[in-house]
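Thanks, everyone, for making the time this morning. I would like to take you through one structure, moving from its overall makeup to its interior and its surface, so please have a look at it before I go on.

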Amino acid sequence: MVLHMRGGITEIGNEPAGCPPSSIAVPVGGLTQAVLSAGGPNATFCLEPGTYRQTSVLTPLAGQRIVSRLPRQAVISGATLQPAANWTFSGGRWVLSGQTQGGSVYSDVDGSGNELGNP
């Protein structure tokens, strides 16, 4: 499984409230490839509530799971924050040039999922 984190929002499976026993707690901002690699195969990572802004592709190891400590309270986003100075008003709309759209990808707790848009 590869999570493409550019230009979309990814929500990975959620557990009932609370982290599964022996899961690895991940604070907001702490979801990195190094953390996934250090966890080893079949590890479960439990995300604290918040938005995890990702700027690179994450590749979980075999059998790894990423869950939220509170149901639907952790969002992994590849969106880039842009200052107002980067926007221009054109044709009656605000426009930000130089972007590519990657769509959104999500997975349910059982590993099934849907791919939306054009990732």
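Let me begin with a term I will need in a moment: a nonpolar patch is built from residues with over 30% relative accessible area and no salt bridge, with nonpolar side chains joined within 5 Å. Please also keep in mind that what you see is a predicted model.

With that rule, Trp87, Phe89 and Trp94 make a nonpolar surface patch of about 390 Å². Trp94 is located in strand E8, which covers residues 93-95, and because its relative accessible area is 58%, Trp94 counts as exposed. Phe89 is exposed as well. Within this patch, how are the rings of Phe89 and Trp94 arranged as an aromatic pair? A pair of aromatic rings is described by the distance of the centres and the angle of the planes. For Phe89 and Trp94 the centres are 5.2 Å apart and the planes stand at 65°, which makes the pair edge-to-face; the count of aromatic pairs in this model comes to one.

Stepping back to the whole chain, the secondary structure consists of one helix and 10 strands, and in sequence order the pattern reads β-β-α-β-β-β-β-β-β-β-β. Of the 119 residues, 29% count as buried, while the accessible surface comes to about 7,100 Å², with 55% of it belonging to carbon and sulfur atoms. Among contacts with a separation of 6 or more, 56% are between residues 24 or more positions apart.

Turning to the interior, the largest nonpolar core has 11 residues, including Val26, Leu36, Phe45 and Ile76. Strand E3 (44-47) and strand E6 (74-77) are the elements that each give two or more residues to this core.

Two members of the core deserve a closer look. Leu36 lies in helix H1, residues 33-39, and it counts as buried because its relative accessible area is 0%, against a cut-off of under 20%. Leaving out residues up to four places away in sequence, Leu36 touches Leu31, Phe45, Leu58, Thr59, Pro60, Leu61, Gln64 and Ile66. The C-alpha atoms of Leu36 and Arg65 are separated by 9.8 Å, with these positions 29 residues apart along the chain counted as their separation.

As for Val26, its contacts beyond four places in sequence are Leu31, Val35, Phe45, Cys46, Leu47, Glu48 and Tyr52. Leu31 and Phe45 thus appear in the list for Val26 and also in the list for Leu36.

Conventions:
Residues are numbered from 1 along each chain as its sequence is written. This is a predicted model: local features need pLDDT of at least 70, side-chain atom pairs count only at pLDDT 80 or more; totals for chains, interfaces and linings use all residues. Side-chain values use heavy atoms; hydrogens and water are left out. A nonpolar core is a set of buried Ala, Val, Leu, Ile, Met, Phe, Trp, Tyr and Cys residues joined through side-chain atoms within 4.5 Å. Buried means under 20% relative accessible area, exposed over 50%, partly exposed in between (1.4 Å probe, protein chains only). Helices (H or I, at least four residues) and strands (E, at least two) are DSSP runs, numbered from the N terminus. Contact means heavy atoms within 4.5 Å. Patches are made of residues with over 30% relative accessible area and no salt bridge: like charges are joined within 9 Å, nonpolar side chains (Val, Leu, Ile, Met, Phe, Trp, Tyr) within 5 Å. Accessible areas come from the Shrake-Rupley method with a 1.4 Å probe; for residues, only the protein chains shown count as cover. A salt bridge is a side-chain nitrogen of Lys or Arg within 4 Å of a carboxyl oxygen of Asp or Glu. Rings of Phe, Tyr and Trp (its six-membered ring) pair if their centres lie within 6.5 Å; planes under 30 degrees apart count as stacked, over 60 as edge-to-face and the rest as tilted.
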